[in-house]
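Here are some exercises to work through with the structure open beside you. Try each task before reading its solution.

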Amino acid sequence: EKTGKVLGEFCRCYKEQFGVALFNSVRYEIEGTGGPQAQLLHRKVPLEDNVIYSGNIFQYIEENKKWRNRFCVVPHNYGLVLYENKLAYERELPPRVLVNSAGYKILTSVEQYLELVNNSLPGVTPKSGHSPILKCPTDFPLVLWHPYARHYYFCVMTGKEQEKWRAVFQDCVRHCNNGISEDSKVEAPAFTDAIRMYRQSREQYGTWDMLCGNETQVLSNLVMEELLPELRSTIGPRLKGKAPERQRTWIQVSDAVYRMVYELAKAQYDAAVARCEQERPQLESTIRTDMDQIITSKEHLASKIRAFVLPKAEVCVRNHVQPYISSILEALMTPTSQGFAEAREVFFKEVTDMNMNVVNEGGLEKLVEYMEKLSHLAFHPVKMQSCYEKMDQLKLEGLQQRFDVSSTSVFKQRAQIHMRQQMDDAVYTFETLLHQELGKLQGKDDLCKSIQRILERVLKKFDYDSSTVRKKFFREALLQITIPFLLKKLAPTCKGELAKFQELIFEDFASFILVENTYEEVVLQSVMKDIMQAVKEAAVQRKHNLYRDSMVMHNSDPNLHLLGEGPAIDWSEEYGGQPEAEPAAERRRRAKQVVSVIQDDEGALPYGAEALLQPGSPEPREPEEAHPGLPPSPPDAVEEIREALAQESLGDGSGAEERLMNGASEEGVLLAGAAPGDVTQQGPARDGDGVHCAIAASPAPGAEIPSGTGREPACHQRSDKETGEHRERSPPQPRGTTESGEGVQTEF
């Protein structure tokens with residue numbers, strides 16, 4: 001009932017905004033007022049056929065109260081896919097869990113998690129001495145927490161592993177939060193504007209933390225925001241048992257309701273989109289036929305609203321906004337510009353180190369190997385972490401309360417996505433220019449000089465594009481902060497009077513012109529001049545290496561963008577001298593992986609499984625869904641588990657092959673390609689058989705991707721099996737999963 005009510009109101013807003021967005025899209029197409037052209041090339045398909053990360057990690061299985069070792073794969077679309085073990089992954093068995101991490105927070109301490117859980121059900125706090133809801137057998141937990149959906153509990157053996165997995169998980173969250181495609185010029189703005197209008201109709205202004213994920217996830221969050229307090233007051237007092245049991249039950253209830261809401265919201269939203277798409281040809285025909293008349297009618301309406309609203313808006317801007325614009329801008333500029341500067345430094349360092357090593361180690365063959373790794377630099381969560389961390393310094397302090405900004409996370413993640421895109425553009429431009437030069441080079445000296453010359457050329461383009469991207473980001477962030485504040489301030493005196501302007505809109509054009517949208521445009525104009533001036537002054541003063549708007553790149557490459565239209569460069573195939581064609585299964589097994597990882601050999605039993613079972617109990621096979629009559633609880637003997645893990649990882653030589661070895665290593669990697677018979681092999685490793693094949697460390701200090709053999713650490717990707725895009729022979733889908741907008745099967 002609640003979902004139907006919320007979605008009914010939202011779909012009405014969406015239909016209105018769809019017509020406006022369609023008109024704006026067609027008008028932009030005709031008038032074509034774009035910004036400055038980017039100097040760097042843009043890669044169309046950045047991570048095709050690649051795996052971001054894979055390795056073993058302990059997961060707490062709530063259904064049987066055990067910690068089990070799982071093989072976790074992060075494919076190119078950033079879904080978290082958990083398999084029983086590596087052997088199950090290699091045999092293309094269905095995964096145990098698929099997680100779309102949109103809306104999740106990554107916690108690295110049990111205390112943080114318990115605080116959030118205690119706050120989720122007020123008045124229910126475990127007494128001192130009672131077992132908390134979660135215990136961790138190591139000192140390095142990783143918890144994925146969501147305000148509505150189920151939680152996921154992981155742990156690793158070392159702090160270094162924890163940091164690496166945390167960077168990987170954060171990258172997944174960052175990517176999945178940005179789930180509404182910006183390529184859609186009609187549906188995406190219609191959706192986000194409809195969400196904003198719906199919330200403003202309920203006096204909810206300002207940024208919203210849960211505007212994350214695909215459209216259905218956002219709508220589910222919208223429903224749960226209203227539904228959860230009612231559920232809590234109805235169900236909370238009826239929960240039985242000790243405090244931890246009640247907390248567990250509440251998490252299960254919330255997750256079950258969230259799944260129901262998701263399915264209902266998806267069905268209703270899909271139906272609304274289908275209706276709008278059905279009407280789209282007729283609407284677009286009307287827009288193209290009557291474009292001039294629609295524009296004239298809209299300008300007439302805007303002039304009337306401006307005469308009524310602008311005097312009040314200007315007073316409000318002068319008294320409440322203008323004095324703080326420079327402070328907000330400075331708070332945004334410092335960490336953002338530091339992050340972009342760090343991205344520039346990381347790119348410079350990686351290319352310079354590659355240049356030195358190519359010259360010292362063997363010319364073109366080594367170049368191919370290093371370029372394979374450099375091409376994925378922007379998607380390396382660990383190497384990019386130093387750039388992303390700069391945004392953690394973003395603090396609006398008193399400004400946050402003044403302008404009713406609930407959280408700065410939306411600005412942090414947006415800036416981080418810009419950093420990643422800028423890095424990938426720089427890398428792609430560099431490899432495109434280098435690829436063009438290779439045919440003309442004579443020997444190592446020419447190669448070295450060419451790499452250095454192209455690097456300097458790309459860095460100039462990076463600086464120009466970085467300035468353009470940051471200025472746009474600052475303007476958008478200032479508008480996101482100030483416009484909701486102004487709308488809230490003006491609402492008591494202006495909003496009630498807007499209805500009288502409805503009669504100024506011709507009925508034929510009512511689908512493309514809305515009084516509410518035109519009113520917001522007038523309010524935006526009242527503050528836009530001050531925002532543009534503040535950003536312009538910062539650029540004139542060359543603050544944080546910003547360029548003036550009048551600055552145009554001279555000696556730019558007119559033919560460079562034609563190069564970017566060509567097919568993707570496959571360095572290993574073109575220059576690596578690959579042997580005869582490999583079987584399809586072998587190619588999948590050797591799929592490229594962005595982040596290197598030590599992976600343990602898999603035997604019949606995953607690492608630690610025997611130690612994690614209680615004495616005398618059979619090995620369990622946990623169900624895929626939580627059984628309503630079996631609430632999860634932490635293991636009863638955490639100390640024994642901790643001791644067992646310690647014995648496994650620190651035992652004598654006979655257990656060395658069984659150790660948990662996922663995470664970072666400075667000495668080598670274990671290739672993830674062992675055949676089932678190899679796991680019992682004893683004695684020294686043999687190169688090429690897929691087990692314990694040592695690989696030299698990368699030349700860059702702290703680099704994560706090893707080199708020296710011309711082979712990538714194998715963690716194969718199997719025909720999008722882990723992404724949910726199954727072919728004809730797909731295994732049965734895990735229960736409780738749905739299809740996301742990007743083809744990722746998601747389990748909430």
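Helix axes are lines fitted to C-alpha atoms over the stretch in contact, and the angles between their N-to-C directions run from 0 to 180 degrees. Helices (H or I, at least four residues) and strands (E, at least two) are DSSP runs, numbered from the N terminus. This is a predicted model: local features need pLDDT of at least 70 and side-chain atom pairs pLDDT 80 or more, while totals for chains, interfaces and linings use all residues. Residues are numbered from 1 along each chain as its sequence is written, and side-chain values use heavy atoms, with hydrogens and water left out.

**Exercise 1. Two helix crossings**

Task: Work out how helix H8 and helix H9 cross, then do likewise for helix H1 and helix H5.

Solution:
- Step 1. Start with H8 (residues 291-361) and H9 (residues 364-374), whose axes come within 9 Å and cross at roughly 160°.
- Step 2. Use the angle classes: under 35 degrees is roughly parallel, over 145 roughly antiparallel, 65 to 115 roughly perpendicular, and the rest oblique. H8 and H9 are therefore roughly antiparallel to each other.
- Step 3. Add the hand. A crossing is left-handed if the near helix is turned anticlockwise from the far one by less than a right angle, and right-handed if clockwise. For H8 and H9 the crossing is right-handed.
- Step 4. Turn to H1 (residues 2-31) and H5 (residues 187-200), which pack at about 130° with axes 8 Å apart. That angle makes H1 oblique to H5, and H1 passes H5 in a right-handed crossing.

**Exercise 2. Burial**

Task: Is H9 mostly covered or mostly open? And how does Arg 246 count?

Solution:
- Step 1. Set the cut-offs: buried means under 20% relative accessible area, exposed over 50%, and partly exposed in between (1.4 Å probe, protein chains only).
- Step 2. H9 is mostly covered, with nine of its 11 residues buried. Among them are the charged-type names Lys 366, Glu 369, Glu 372 and Lys 373.
- Step 3. Arg 246 belongs to helix H7 (residues 243-289). Its relative accessibility is 25%, so Arg 246 counts as partly exposed.

**Exercise 3. The partners of strand E1**

Task: Which strands pair with E1, and in what sense?

Solution:
- Step 1. Two strands pair if DSSP finds at least two bridges between them.
- Step 2. E1 (residues 50-61) runs antiparallel to E2 (residues 66-75), joined by 10 bridges. One example is Tyr 53, whose bridge partner in E2 is Val 74.
- Step 3. Follow the turn: E1 and E2 form a hairpin with four residues between them, and Lys 65 in that turn has a positive phi of about 60°.
- Step 4. E1 also pairs with E7 (residues 152-156) in the antiparallel sense, over two bridges. Here Gln 59 is matched with Phe 154.
- Step 5. Check the cover: 12 of the 12 residues of E1 are buried.

**Exercise 4. Aromatic rings**

Task: How many aromatic pairs does the structure hold, and what does the pair of Phe 403 and Phe 485 tie together?

Solution:
- Step 1. Rings of Phe, Tyr and Trp (its six-membered ring) pair if their centres lie within 6.5 Å; planes under 30 degrees apart are stacked, over 60 edge-to-face, and the rest tilted.
- Step 2. The structure holds 23 such pairs. Phe 403 and Phe 485 are edge-to-face, at 4.8 Å between centres and 65° between planes.
- Step 3. Phe 403 lies in the loop between H11 (398-402) and H12 (409-437) and Phe 485 in H13 (residues 443-494), so the pair ties together parts 82 residues apart in sequence. Both Phe 403 and Phe 485 are buried.
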